[in-house]
Amino acid sequence: MLHKLKLNISFCDPVCSGEKPFEIRKNDRGFQKGDLVQFIPVIKGKPVHHQIEDKTFKITYVMNGYGMENGFCVFGIKPYDERRAEFEY
C-alpha cells in the first residue's frame with residue numbers, strides 16, 4: 001500500500017538525510033511493514049516544494065503500545081528505489 005502523508009517542512013531535511021529514519025503517527029491507516037510512503041512537504045498545512053517530494057520510503061518496522069498514546073505508532077522508514085527494489089518472499 002502507498003501512503004501519501006503531509007510532513008512539516010522542518011522534518012524534510014532530516015528524513016532525506018537519514019538522520020530521522022522514523023515517523024510517529026496516528027495509526028488511522030493501518031501502517032504495515034512493507035508499505036510505501038511518499039511525503040508532501042507543508043508549512044502550516046499548505047503544500048510547498050522540497051526534494052522529498054521526489055522520494056519514496058519503505059516502512060521497515062511498525063511499533064504500537066509501549067507507552068505511546070493509544071491509537072499511535074512509530075514506524076521505521078528507509079529510502080526506496082523501485083528500480084532497485086528487492087523482492088520480499
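**Close-up 1. Helix α1 and what it packs against.** The buried residues of α1 pack against five strands: β1, β2, β3, β5 (56-64) and β6. Keep in mind as you look around that this is a predicted model. The helix covers residues 9-17, and its buried members are C12, P14, V15 and C16. Once α1 is over, G18 comes along with a positive phi of about 90 degrees.

**Close-up 2. S17, out in the open on helix α1.** S17 belongs to helix α1. Is S17 buried or exposed? With a relative accessible area of 54%, S17 is exposed. Its side chain has a couple of partners to look for. A polar atom of that side chain lies 3.2 Å from the backbone oxygen of P14. The side chain of S17 also reaches the backbone nitrogen of E19, at 3.3 Å. For a sense of how the chain folds back, look at P79: S17 and P79 are 62 residues apart along the chain, yet 9.8 Å separates their C-alpha atoms.

**Close-up 3. H3 and its neighbours.** H3 is part of strand β1, which takes in residues 2-8. This histidine is buried, at a relative accessible area of 2%. Its side chain makes a polar contact of 2.9 Å with the side chain of D35. Which other residues does H3 touch, once neighbours within four places in sequence are set aside? Besides D35, the contacts are R29, F31, L36, V37, Q38 and I59.

**Close-up 4. Two phenylalanine rings that meet.** The structure has 2 aromatic pairs. One of them is F31 with F75, a tilted pair with ring centres 4.7 Å apart and 40 degrees between the planes. F31 sits in the loop between β2 (22-26) and β3 (36-43), while F75 sits in strand β6 (residues 72-80), so the pair ties together parts that are 44 residues apart in sequence. Both partners are tucked away: F31 is buried at a relative accessible area of 3%, and F75 is buried at 0%.

**Close-up 5. Strand β2 and its two faces.** In a regular strand, side chains alternate between the two faces of the sheet. For β2, E23 and R25 make up the covered face, and F22, I24 and K26 make up the uncovered one. Next door is β6: the two strands run antiparallel, and 5 bridges join them. If you want a spot to start from, find R25, whose bridge partner in β6 is C73.

**Close-up 6. K20 over two rings.** Here a lysine turns up over a pair of phenylalanines. The charged end of K20 sits over the ring of F11, 5.3 Å from its centre. K20 also lies over the face of F22, where the distance to the ring centre is 5.0 Å. F22 is one of the residues on the uncovered face of β2.

**Close-up 7. Cysteines without a bond.** How many disulfides does a search of the whole structure find? The search turns up 0. Why is C16 not bonded to C12? The sulfur of C12 is the closest cysteine sulfur to that of C16, but the two are 6.5 Å apart, which is too far for a bond. A disulfide would need the sulfur atoms within 2.5 Å. For C73, the closest cysteine sulfur is again in C12, at 19 Å, also too far for a bond. C73 itself counts as buried because its relative accessibility is 0%.

Methods: Residues are numbered from 1 along each chain as its sequence is written. This is a predicted model: local features need pLDDT of at least 70, side-chain atom pairs count only at pLDDT 80 or more; totals for chains, interfaces and linings use all residues. Side-chain values use heavy atoms; hydrogens and water are left out. Rings of Phe, Tyr and Trp (its six-membered ring) pair if their centres lie within 6.5 Å; planes under 30 degrees apart count as stacked, over 60 as edge-to-face and the rest as tilted. Helices (H or I, at least four residues) and strands (E, at least two) are DSSP runs, numbered from the N terminus. Buried means under 20% relative accessible area, exposed over 50%, partly exposed in between (1.4 Å probe, protein chains only). A charge sits over a ring if NZ of Lys or CZ of Arg is within 6 Å of the ring centre and within 35 degrees of the ring normal. Two strands pair if DSSP finds at least two bridges between them. A polar contact is a pair of N or O atoms within 3.5 Å; within protein, one must be able to donate a hydrogen and the other to accept it, and residues adjacent in sequence count only if both atoms are side-chain atoms. Contact means heavy atoms within 4.5 Å.
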